[in-house]
Amino acid sequence: MSIPFLNRTIAKVLPKVSLRTVIIVPMVLQILVAVGLVGYFSWKNGEKAVNDLASQLMQEVGTRSQQLDSYLATPHKINQLNQNALDLGEINIQDLKSMKNHFWRQYQIFNGVSQIQFATTEGEFVALTVGEDGTPTYQVRELTGELQIYGMDKEGKRGKMLTSLGNFDPRELPWYKAALKAKGKPAWTQTYIKVTPPSLVITLAKTYYDETGTFRGVVAVALSLARISEFLQGLEIGKSGKTFILERDSNLLHTNSTHEDSLIQASVGYLKEQFDGDLSQIENTQELKFKIHGQEQLLQVVPFKNVGDIDWLIVVVVPKADFMKEISANTRTTISVYIIALAIAIAFGIGSAGWVIGPIMRLNTSAKNLALGEWEQRVEVEGAVELRELAQSFNTMAKELQATVATLEKTNVELEDKVLSRTAALTATEAEMRSFFEAMTELIFVFDREGRYCKIASTNPKLTKPTSDLLGKTLHETMPIATADRLLDCIQAAMDNQHTTDVEYSLIWGERLVWFSANVSPIAENYAIWVARDISEHKVPLRERKALEKNLRSSKEKMRAVFGAMTDIILIVEVEGNQIGDVEVAPTDPSRVYEAYTDLISETVESFYREETAPTWSGKIRESLETGKVVHFEYDLCVGYDRFWFTASISPISDRSTIWVARDISERQQVEEALRRAEENYRSIFENAAEGIFQSTRDGLYLSANPALAQMYGYSSAQELMFNLNSTQLYVNPSRHYEFLAAIDEHGTVSNFEFQVYRADGEIIWISENVHVVFDEEGELFYYEGTVENITARKEAEEALRQKNEDLARTLSQLKTTQEGLIKSEKMAALGQLIAGVAHEVNTPLGAIRSSVQNIADFLQEYLEVLPQFFQELSPQCNEYFLALLQQQSQQTTVLSTREKRKLNRALKKQLWEQGVEEPDLIASTLINTGVYDIKTFLPLLTEESESEKVLNMAYQFATLRTSMATIATAAERADKVVFALKTHARYDNSGQKTEAKITEGIDTVLTIYNNKLKQGIELVKNYGDIPSILCYPDELNQVWTNLVHNGIQAMNNKGTLSIDVNKYNNLLKVMITDNGTGIPPEIKNKIFEPFFTTKPPGEGSGLGLDIVQKIIDKHQGTIEVESVPGKTTFTVFLPIHKP
Amino acid sequence: MSKPVILCVDDELLVLNSLEIELRKALGNEYFYEFAEGAEEALEIIDEVSEDGNKVILILSDWLMPEMKGDEFFKVVHQNHPEIVKIMLTGQANEEAISDARKQVNLYACLRKPWDGNELITVIKSGIGQ
């Protein structure tokens, strides 16, 4: 399978797997593998050892059959000896009684025979018989007569006759017949019952021929089957194994058990079945297996033949369960430990996954909320140190985001405020202007050169005809041609001369003739302002005046009257050379118009002579005189605090005098001034506004634009902008333009329309437009008017914000990935340490067990065979020593340290050397290993007996056997203890129920686990008071003790004294765990209970230990305190004793 | 009488007892066998043995022991007796310590507990040149 494919597969599977699973499964797998391997190897070793043992036992039985062979050889030897004795005449066939002593000596030598006998061809018979009880008797029969049976004493002397038996003929006996049948060769009889004394025997018989070759009799030796039985009984085969001998016809010869034994019966049955009832087929050793009631049995058949009729089968049958029982028990234990370890691993996995994933989920939720704009995010995380840092970074970023957003909002508000205040100022000015206009009674128009109404400043409320519809029309369209011509001339004159002209005209307004007096003032080359006053009311006096004028020429009186009707100031000015001469005031009546007319007239007259004004005024008068034309002239006069504006018309009346008609135009001048100011104000706002302001057609032609807009769009002036730019070219995204048109067509106004535009230099900026439509009088779209704001900075800030947010999300996800990796590696490190510790604690006893099993197996192989011979050859004295040595071993129960052993060894060696024993070194260590520490008893053995080495060695071998067995027992106990401690320690009770427990038991369990660390240089001082059991969560408390003990050991750097004090304290339990390590520096003392606080290098601890301890103690409503000075640190835990 | 000495060091008596039986059986009377429950004791024995005119030729030591660990112990031994064959027998050992020991003290072999008797004897025999 290719690596990429594997990766794809993992990627496909993993997203569906939860983090919890990813943490738990590898942990469980590792526990499975570790425990499984340990269990497998221990089971394998045990099974191998037992199999070896079984096969050796089987082999041993086979060997026993050889022993049986040598046992059966004894009669051969005796017969041969007797034959030789007869040949050599050591015993005389004529003197049967002389054979008694001979037989006695043989009986002394060849222990174990049942009867040594001789019968002549004549029927004479002599025999030495040993009863089943070991009592020897002497039997003799003369040529004729009875068989006489005598007792014998210890020296072999004949005792009193016990009984006699008539009708006895040895030639009728089975052995005699067997000998005859064998014709000179030794022959075994089949088993038969011997009468005197009664017993079941087999006999080896041989015919005896003298030197002449004459058949003289039969020598025979009988063996009791009871002795064979004893021999068989000497074998212990398993717990319930059986050995028995079968004859070929399936008859049981003998067993070491009762005949009724079901195992034997079943075995015989099985053999018959196996060999079709014909056991004579069995030629070689057969190893067979069969079952009784489902129990497997191991069966071995060994054919056994000897001379004559001996053709037996030695059968050994052993239930396999005898050997397998312990192995099965071990296997069951292994499986239970395996299951428990698995359960613990899963429980741990779920627990630890919980505290790792919880904080991540909280962070996740907060990040999502942040994305939704809930800025008030603060995450408190308890978990790995990386998680905590992550949470901190998250909080900092969230805070920064919040601050940025707040700043932006504030800027927005400020901008809006500024616009509002400016708009308010504009509105105020406008209102002011409007009220000005409204307060005025004059009509004010702005005309262009063609006489078109360009602006209508106000409507005179007194006029019935509205004027607003005049805008854009010409004079000719609105009034009779003659009047229009006259007025247009007047306008054009004013423009051409750049001089104010007056005109009076009348119009039919409604049904009324209205008279207007108008001043036309140029305001630009092609524009003039028209101020018309309704003078209809004055028309009647004016008519009067006109009539008077006519009359003036004829009469000075009339003239005067005319003047009196006039409101203008009229002066007749005489000129004398270059000087103004007399100034005559015409008797007009300006008081009707001017309140301060007297002052005004005198002021006017004085001005002719004032230095400041005289040259101008006289100049104007001369001009009129020289040209003969009317000269118009405007001037102002200050009377008191008021300034009055006049326009004067100077007409020559003679070559030396002129008439000066001055009309007050202050009112008009004021209106003009106000207009100018308003215009200026508007202009200023327009010119200085920060926002761009424009008017444009729908097609994008700019009608007006302010400098701000020009600057915004990258033009040096508004003119340049209007000349070069069409607003439709602005759009970066043309579709946005269509959206704009659609919106404004529908609503007539568009607010905050944001889009990107190209500046003149090609740069792209963001703008926001507020535009409304200005309609013409027919309700058609006239032009657009609007403001433009550059929002690029705001957009950039928003973009930066969004970017930052994205970065934050990405960083968060990277951190999560990193964190998952960290958590995994941390778990692996912890698991690795746990397994390494357990491995050492288990491997050590396992090593001892394996070695001991091998030692036992070696012993059995090497010595079991030679044991019988060893005992046979041992002299009685040595036998006693040997037994004493064995006894010594069994009495030695103390376990010696190597130092003690060496000391003993040295002492013994010295003693032995002094006694002249050879190889004192070897003998001394052999003795000590045999359990002999005092050699007084055994000195004779060592110094006198030649067999001492043999005896000592055998005793040593037995001692090794004993030691090996003891080692196995102790080691197994040790391993069991470790497994139990691990099991107890790791068991996780998630039932959530408190149970009653004695906390010192939990502490001891923890100490067992740490045994491997503790024994490396830590002195443990336990001081347990009498304490009651309490209701608690024992497993969680074990975690507390584990953490505190572990921390203590580490604080002492694995060397020092660890004290554990447990006592009752009022209604509390007080547990003090004290180490004499370096102590906790005061600056970190307050932090040690914080999660993720650790002083250990990365990978060795999560820093959660004491945090968990605190939580568990809290759960028990207990408290934990720490006191620390260099050299003494005590953690004190108080737990309440709640009476159930 | 002078014989080469084989020294076994382990903090577990169980292990030492088993080793003694195995060694005596396999190597017989040609060697003296000494046993120590810790590095300190082992160092004492090395001195005592040389006072008696004998020589330690091989040390079989555990790794994880109190006071002094196997590799440190071997370093001490190596300074004065570089000729002694050193074999580690351990149930659990820091791989780094083992590989250091191999380089620095010429560690002859490192066997794992539980050990195989035949293998142990083969290694020891080859170590002492039998």
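This talk walks through a predicted model with chains A and B, going from the overall make-up of chain A to a few helix contacts and single residues.

Thank you all for coming, and let me begin with chain A as a whole. Chain A has 1140 residues, of which 44% count as buried, and its secondary structure comes to 30 helices and 36 strands. If we take the contacts in chain A with a separation of 6 or more, then 56% of them are accounted for by residues that stand 24 or more positions apart.

I would like to turn next to the contact between a helix of chain A and a helix of chain B. Helix H22 of chain A, which covers residues 898-914, and helix H2 of chain B, which covers residues 39-51, have axes that come within 12 Å and cross at roughly 20°. Are H22(A) and H2(B) roughly parallel or roughly antiparallel to each other? Angles under 35 degrees count as roughly parallel, and therefore H22(A) and H2(B) are roughly parallel to each other. The crossing of these two helices, H22(A) and H2(B), is left-handed. On the chain A side, A:Thr898, A:Arg899, A:Arg902 and A:Arg906 take part, and they meet B:Glu41, B:Glu44, B:Ile45 and B:Glu48 of H2(B). When we sort the residues of this contact of H22(A) with H2(B) by character, we find one nonpolar, one polar and six charged.

Let us now set beside this a helix pair that lies within chain B. Helix H1 of chain B, residues 13-27, and helix H5 of chain B, residues 117-127, have axes that come within 11 Å and cross at roughly 60°. That angle makes H1(B) oblique to H5(B), and H1(B) passes H5(B) in a right-handed crossing. The residues that H1(B) brings to the contact are B:Leu19, B:Glu22, B:Leu23, B:Ala26 and B:Leu27, while H5(B) brings B:Gly117, B:Leu120, B:Ile121, B:Ile124 and B:Lys125. In the contact of H1(B) with H5(B), the residues divide into seven nonpolar, one polar and two charged.

While we are at H5 of chain B, please look at the loop between strand E5 (109-112) and H5, where B:Pro114 has its place. A cis peptide bond joins B:Lys113 and B:Pro114, with omega at about -5°.

Back in chain A, I have picked out some buried places, and I will start with a whole helix. Helix H23 of chain A, residues 920-930, is mostly covered, with 11 of its 11 residues buried. Among the buried residues of H23(A) are A:Pro920, A:Leu922, A:Ile923 and A:Leu927, and also A:Asp921 and A:Asn929. Just after H23(A) comes A:Gly931, which takes a positive phi of about 100°.

A:Thr658, which lies in strand E24 (residues 657-664) of chain A, counts as buried at 0% relative accessibility. Leaving aside residues up to four places away in sequence, A:Thr658 touches several others, including A:Leu571, A:Val573, A:Ile621, A:Ser624 and A:Ile650.

A:Ile744 sits in helix H18 (residues 734-747) of chain A, and at 2% relative accessibility A:Ile744 also counts as buried. Which residues does A:Ile744 touch, not counting those up to four places away in sequence? They are A:Thr749, A:Val750, A:Val771, A:Val773 and A:Tyr784. For one of these, A:Val771, the C-alpha atom is separated by 8.0 Å from that of A:Ile744, and the two residues are 27 residues apart along the chain.

Two residues with an unusual label deserve a moment, since neither of them is a glycine and yet each has a positive phi. A:Gln498, with a phi of about 55°, lies in the loop between helix H10 (481-497) and strand E17 (501-509) of chain A, and at 45% relative accessibility A:Gln498 counts as partly exposed. A:Asn1066, where phi is likewise about 55°, lies in the loop between strand E33 (1056-1065) and strand E34 (1068-1075) of chain A, and A:Asn1066 counts as exposed at 65% relative accessibility.

Finally, a word on cysteines. How many disulfides does a search of the whole structure find? Over all chains, the search finds zero. A:Cys490 is buried, with a relative accessible area of 9%, and B:Cys8 counts as buried at 1% relative accessibility.

Terms used. Residues numbered from 1 in each chain as written. Chains lettered and ligands numbered in written order. Predicted model: local features only at pLDDT ≥ 70, side-chain atom pairs only at ≥ 80, totals over all residues. Heavy atoms only, no water. Axes fitted to C-alpha atoms, helices over the stretch in contact; angles between N-to-C directions. Helix = DSSP H or I, 4+ residues; strand = E, 2+ residues; numbered from the N terminus. Parallel < 35°, antiparallel > 145°, perpendicular 65-115°, else oblique. Left-handed = near helix turned anticlockwise from the far one by under 90°. Contact = heavy atoms within 4.5 Å. Nonpolar A, V, L, I, M, F, W, Y, C, P; charged D, E, K, R; others polar. Disulfide = S-S within 2.5 Å. Buried < 20%, exposed > 50% of the residue type's maximum accessible area, 1.4 Å probe, protein only.
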